[in-house]
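Hello,

Here is the structure I said I would pass on. My notes on it follow below the display.

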Amino acid sequence: MKIDLSRELIFRTARSGGSGGQNVNKVETMVEGYFHIRDSALLSEMQKAILEKKLANKINSEGWLQVRSQVHRSQLDNRHEVIRKLHALVEQALKKEKRRVATKPTKGSKEKRIEQKKRAGEIKQGRKKFRREE
C-alpha cells in the first residue's frame, strides 16, 4: 500500500553545513520537509492513530512530522531524499508486525543448560578452601 505523501509536504530550505566549497555559504541546499499527520486527507483515522503512536518521538508538539536532508549538494536531490525518507518512515510504521509464535525449549537444549549449570557448580565447589582436621 503506497501512499504519495509528497502533495501534503511543506518544504523549508536553509544553508547546509559540510562540504560544498564556495557554494556552501550562498545556496540553501539543506531541505526540511514537514508533514502534518492529523490534517492529512490521504490517511484514514486508523492510520493517523498508528503513525502518531509509532512516530511519537519524531513528531513535534504542534503535530508536525519533520524530516531533514543535507547529504547532497543540490537542493533538488535533498528534496527527493526528504520525500524518500518520509515515505520510508510512514511505510515502516504502517507495516503490520508479525506475531511471535511461542515455542518451547527442546529436550536437547534443556539437557545442555542443566549440564552447564552442573559444570559451573563444580567449578565453584573447587574454589572452596579445605580445612584440615587435626
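**Salt bridges**

Lys54 has a relative accessibility of 38%, so the residue counts as partly exposed. Its salt-bridge partner is Glu97, with the closest N and O atoms 3.5 Å apart. Lys54 belongs to helix H1, whereas Glu97 sits in the loop between H2 and helix H3 (107–125), so this pair ties together parts that are 43 residues apart in sequence. Glu97 counts as exposed, because its relative accessibility is 62% and the cut-off for exposed is over 50%.

Before going further, please keep in mind that this is a predicted model. The protein chain has an average pLDDT of 86, and 93% of the residues score at least 70. Among the elements of the chain, the lowest mean pLDDT is that of E1 (86) and the highest that of H3 (95). As a general caution, predicted coordinates should not be read in detail where pLDDT is low.

Back to the charged pairs. Over the whole structure, a search finds 6 salt bridges. Two of them involve Glu32, a residue of strand E2. One is with Arg12, where the closest N and O atoms are 2.7 Å apart. Since Arg12 lies in strand E1 and Glu32 in strand E2, the pair ties together parts that are 20 residues apart in sequence. The other is with Arg68, where the closest N and O atoms are 2.5 Å apart. This pair also links distant parts of the chain, with Arg68 in strand E3 and Glu32 in strand E2, 36 residues apart.

Is Glu32 buried or exposed? Glu32 has a relative accessibility of 3%, so it counts as buried. Its two arginine partners are partly exposed: Arg12 at 42% relative accessibility, and Arg68 with a relative accessible area of 43%. Through shared partners, the salt bridges join Arg12, Glu32 and Arg68 into one network.

**Around Glu32**

The side chain of Glu32 also makes a polar contact of 2.7 Å with the side chain of Tyr34. Leaving out residues up to four places away in sequence, Glu32 touches Ile10, Phe11, Arg12, Gln66, Val67 and Arg68.

**The nonpolar core**

In soluble globular proteins, nonpolar side chains tend to be buried together. Here the largest nonpolar core has 18 residues, and those with the most contacts inside it are Leu5, Phe35, Ile37, Leu43, Leu51, Leu65 and Leu86. Strand E2 (30–36), strand E3 (64–69) and helix H2 (75–94) are the elements that give two or more residues to this core. The largest share, 6 residues, comes from H2.

Two of the core residues are described here by their surroundings. Phe35 is in strand E2 and is buried, with a relative accessible area of 1%. Not counting residues up to four places away in sequence, Phe35 touches Leu5, Glu8, Leu9, Ser40, Leu43, Gly63, Trp64, Leu65 and Leu86. The C-alpha atoms of Phe35 and Glu52 are separated by 12 Å, the two residues being 17 residues apart along the chain.

Leu65, with its neighbours within four places in sequence left aside, is in contact with Gly33, Tyr34, Phe35, Ile37, Leu55, Lys58, Ile59, Leu86 and Leu89. Phe35 and Leu86 thus appear among the contacts of Leu65, and Leu65 and Leu86 among those of Phe35.

**Helix H2**

How far apart are the end C-alpha atoms of H2? They are 29 Å apart, which agrees with the 28 Å that its 20 residues should span at 1.5 Å a residue. The buried residues of H2 are Asn78, Glu81, Val82, Ile83, Leu86, His87, Val90, Ala93 and Leu94. What covers them includes strand E1 (10–14), E2, helix H1 (45–54) and E3.

**Helix H1**

One further detail concerns Gln47, which is in helix H1. Gln47 is buried, with a relative accessible area of 11%. A polar atom of its side chain lies 2.9 Å from the backbone nitrogen of Ser44.

Regards

Note on methods. Residues are numbered from 1 along each chain as its sequence is written. This is a predicted model: local features need pLDDT of at least 70, side-chain atom pairs count only at pLDDT 80 or more; totals for chains, interfaces and linings use all residues. Side-chain values use heavy atoms; hydrogens and water are left out. A nonpolar core is a set of buried Ala, Val, Leu, Ile, Met, Phe, Trp, Tyr and Cys residues joined through side-chain atoms within 4.5 Å. Buried means under 20% relative accessible area, exposed over 50%, partly exposed in between (1.4 Å probe, protein chains only). Helices (H or I, at least four residues) and strands (E, at least two) are DSSP runs, numbered from the N terminus. Contact means heavy atoms within 4.5 Å. The expected span of a helix is 1.5 Å times one less than its number of residues. A salt bridge is a side-chain nitrogen of Lys or Arg within 4 Å of a carboxyl oxygen of Asp or Glu. A polar contact is a pair of N or O atoms within 3.5 Å; within protein, one must be able to donate a hydrogen and the other to accept it, and residues adjacent in sequence count only if both atoms are side-chain atoms. pLDDT is the predictor's confidence in each residue, from 0 to 100.
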